[in-house]
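Biologist: I am new to this structure and would like a close look at one part of it. Could you take me through the disulfide and then show me what lies around it?

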Amino acid sequence: MPRINRFSKTVVFWIYIGMAIGSSLGQVSSAIQISNALHFDATWWNQVYSEEQQGFIYGYLDCRPSPKTAKASIVDYQNAVTEELRTGKSGDRDAVAKAIQHAAATLKSGDIQGGENYTEPHGFLDGEWWGDFSGSRPLDIALNNKGYVEGYLVCSSIPVTVYTVRRYQSAIDRHYSGGRHSHDKIANVLQPLMKPPTNSQK
């Protein structure tokens with residue numbers, strides 16, 4: 001009988017140790033994810049291609065649409081952000097997001113030459129804008145898409161890492177693969193992916 005009790009205590013001890021280690025690893029994993037978060041500051045903006053900059057603006061504005069947002073061309077937004085970052089604090093980790101917000105509030109709205117007016121939410125940002133390719137994706141479109149995901153996640157106050165961007169970008173690619181669902185809005189595809197999985201066990 002004493003042997004059984006000793007065995008039981010040993011098992012309980014190791015289960016407790018295992019749970020403690022698992023909890024610690026989970027905390028470490030979360031800390032690593034936060035520490036690996038990308039920072040979209042002036043340095044980042046000046047290092048990436050124009051297509052990624054534009055995609056970031058599209059994604060950021062698409063996440064938080066507002067009737068007060070200036071209806072200007074993407075090039076106007078891009079130039080305004082570049083100018084704001086040139087004169088602002090270069091070390092601000094949220095500088096790009098703040099510059100977009102400033103541009104949205106201060107740019108003069110007007111008819112965009114050659115553009116179309118969309119009354120529905122998310123406008124033209126759907127599967128046709130995202131693109132569908134059976135082979136390798138052209139670099140300019142891949143960068144546009146990457147920037148969109150980055151901007152949308154930043155606007156959603158979610159830590160952005162290289163891994164999360166790739167994961168969401170791949171999931172959206174799969175959604176639009178084969179030309180299916182081309183009229184689905186990108187935001188409506190991305191939002192469910194961002195939600196934590198629900199526990200089916202009651």
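Modeller: Happy to. In this predicted model, a disulfide joins Cys-63 to Cys-155, with 2.4 Å from S to S. A disulfide is a covalent bond between the sulfur atoms of two cysteines. The link between Cys-63 and Cys-155 is left-handed, with -75° about the S-S bond. This pair ties together distant parts of the chain: Cys-63 sits in helix H3 and Cys-155 in helix H7, and they are 92 residues apart. The count of disulfides comes to one, and both of its cysteines, Cys-63 and Cys-155, are buried.

Helices H3 and H7 share another link, this time between charged side chains. Lys-146 forms a salt bridge with Glu-52, and their closest N and O atoms are 3.8 Å apart. Here too, distant parts of the chain are linked, as Lys-146 belongs to helix H7 and Glu-52 to helix H3, 94 residues apart. The two partners differ in their surroundings: Glu-52 is buried, at a relative accessible area of 4%, whereas Lys-146 is partly exposed, at 31%.

Now step back to the setting. The protein has nine helices and zero strands, and 33% of its 202 residues count as buried. Its largest nonpolar core has 41 residues, and those with the most contacts inside it include Leu-85, Val-96, Trp-130 and Tyr-148. Helices H3 and H7 are among those that each supply at least two residues of this core, and so are H2, H4, H5, H6, H8 and H9. The largest share, seven residues, comes from H5.

Helix H5 is worth a visit, then. It has twelve residues and reaches 16 Å from its first C-alpha to its last, close to the 16 Å expected at 1.5 Å a residue. Its buried residues are Ala-95, Val-96, Ala-97, Ala-99, Ile-100, Ala-103 and Ala-104. What covers them includes H3 and H7, along with H2 and H4. You can see one piece of this packing at Leu-85: leaving aside its neighbours within four places in sequence, Leu-85 is in contact with Ala-95, Val-96 and Ala-99, as well as with Ala-42 and Trp-45.

The whole structure holds four salt bridges, and two others make a nice contrast with the one you have met. Glu-83 and Arg-86 meet through their side chains at 2.5 Å, N to O. Because Glu-83 and Arg-86 are three residues apart in helix H4, they are separated by about one helical turn. An α-helix has 3.6 residues a turn, so residues three or four places apart point the same way. Glu-83 is partly exposed, with a relative accessible area of 42%, and Arg-86 is exposed, with 58%.

The side chains of Asp-173 and Arg-137 meet in a salt bridge as well, at 2.8 Å from N to O. That pair reaches across distant parts of the chain, with Asp-173 in helix H8 and Arg-137 in the loop between H6 and H7, 36 residues apart. Asp-173 is partly exposed, with a relative accessible area of 24%.

Links across the sequence also show up in the contacts as a whole. Among contacts between residues at least 6 apart in sequence, 69% join residues at least 24 apart. To return to your starting point, the disulfide of Cys-63 and Cys-155 connects helix H3 with helix H7.

Notes
Residues numbered from 1 in each chain as written. Predicted model: local features only at pLDDT ≥ 70, side-chain atom pairs only at ≥ 80, totals over all residues. Heavy atoms only, no water. Core = buried A, V, L, I, M, F, W, Y, C linked by side-chain atoms within 4.5 Å. Buried < 20%, exposed > 50% of the residue type's maximum accessible area, 1.4 Å probe, protein only. Helix = DSSP H or I, 4+ residues; strand = E, 2+ residues; numbered from the N terminus. Contact = heavy atoms within 4.5 Å. Disulfide = S-S within 2.5 Å. Expected span 1.5 Å × (residues − 1).
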